[in-house]
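Here is a short round of questions and answers for a reader meeting this structure for the first time. Each answer sets a value beside its definition.

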Amino acid sequence: MRIFEDTYRHKGMRKKLMDILREKGITDESVLAAMNNIPRHFFLDTALDNIAYEDRAFPISDGQTISQPYTVAFQTQLLQVEVQEKVLEIGTGSIYQATVLAEIGAKVFTIERQKNLFDKSKLYVFRGKYPNLKFFYGDGFEGLPTFAPFDKVIITAAAPYIPPKLIAQLKPGGMMVIPVDQGEQQRMLRLTKNADGSYMEEAFHNFSFVPMLKGKERG
Ligand code: SAH
């Protein structure tokens, strides 16, 4: 069994990563504090222990990736998460982004379409620490109608378009942060839902995500 250790060396590397994120324009102290508290190396293979605190994405299992720390920080900052808010995440992957949201104090509902990755949540290293984090196996295009409406929605895969069901599951005044497909790169959008069901759109710079795919995958 793997032994998880968060040493002074890891903590030091993590603090340096927070300095890099600040230099790149992350200013939300609640996001930086949450990321400084979470040992990112626990979410990666032990062989990647040293590079877990470089500001880059890494392959995890099943052809998927753990997002780059800057991307996690940027999306979380855009989301303006408050304690106790209900947040829906599409694309659980390594569970790192979901953990950042849970550490901030949101009620997190995260959906993964790949059974293998979903099943790994049963071995989640922080099981018990975050009763406010719930895992679902399903298709993110459908959202979670049973638990809607949400204050916030975050999509961590490249969406081909803005999924209408996810807009419908957002509260009036709620926000969605979504990278929308433009070939190799996706433009990061923040949508704010109006009382009449329409939404306002703000665009930020480009990022690169694995694709948001339709349906569930068994394998
Ligand atoms: N938030 C993750 C990033 C994972 S990469 C992290 O912090 O590590 C994107 C993930 O989205 C992949 O695991 C992929 O399987 C998943 N995904 C893609 N399309 C999806 C969909 N329609 N519904 C749910 N998950 C999806």
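Q: What follows helix 4, and what is the sign of its phi?
A: Gly105 follows helix 4, and its phi is positive, near 110°. Helices here are DSSP runs of H or I with at least four residues, strands are runs of E with at least two, and both are numbered from the N terminus. This is a predicted model, where local features need pLDDT of at least 70, side-chain atom pairs count only at pLDDT 80 or more, and totals for chains, interfaces and linings use all residues. Residues are numbered from 1 along each chain as its sequence is written, and side-chain values use heavy atoms, without hydrogens and water.

Q: What makes helix 4 mostly covered?
A: Buried means under 20% relative accessible area (1.4 Å probe, protein chains only). Eight of the nine residues of helix 4, residues 96-104, are buried. Tyr96, Gln97 and Ile104 are among them.

Q: Why is the pair between Gln97 and the ligand called a polar contact?
A: A polar contact is a pair of N or O atoms within 3.5 Å. A backbone N or O atom of Gln97 lies 3.1 Å from an oxygen atom of the ligand, so the pair fits the definition.

Q: Which atom of the ligand does Gly91 contact?
A: A nitrogen atom, 2.9 Å from a backbone N or O atom of Gly91.

Q: How much of the ligand does the protein bury?
A: Taken alone, the ligand exposes 580 Å², and the protein buries 99% of that. Areas come from the Shrake-Rupley method with a 1.4 Å probe.

Technical notes
Buried < 20%, exposed > 50% of the residue type's maximum accessible area, 1.4 Å probe, protein only. Polar contact = N/O pair within 3.5 Å; in protein donor to acceptor, adjacent residues only side chain to side chain.
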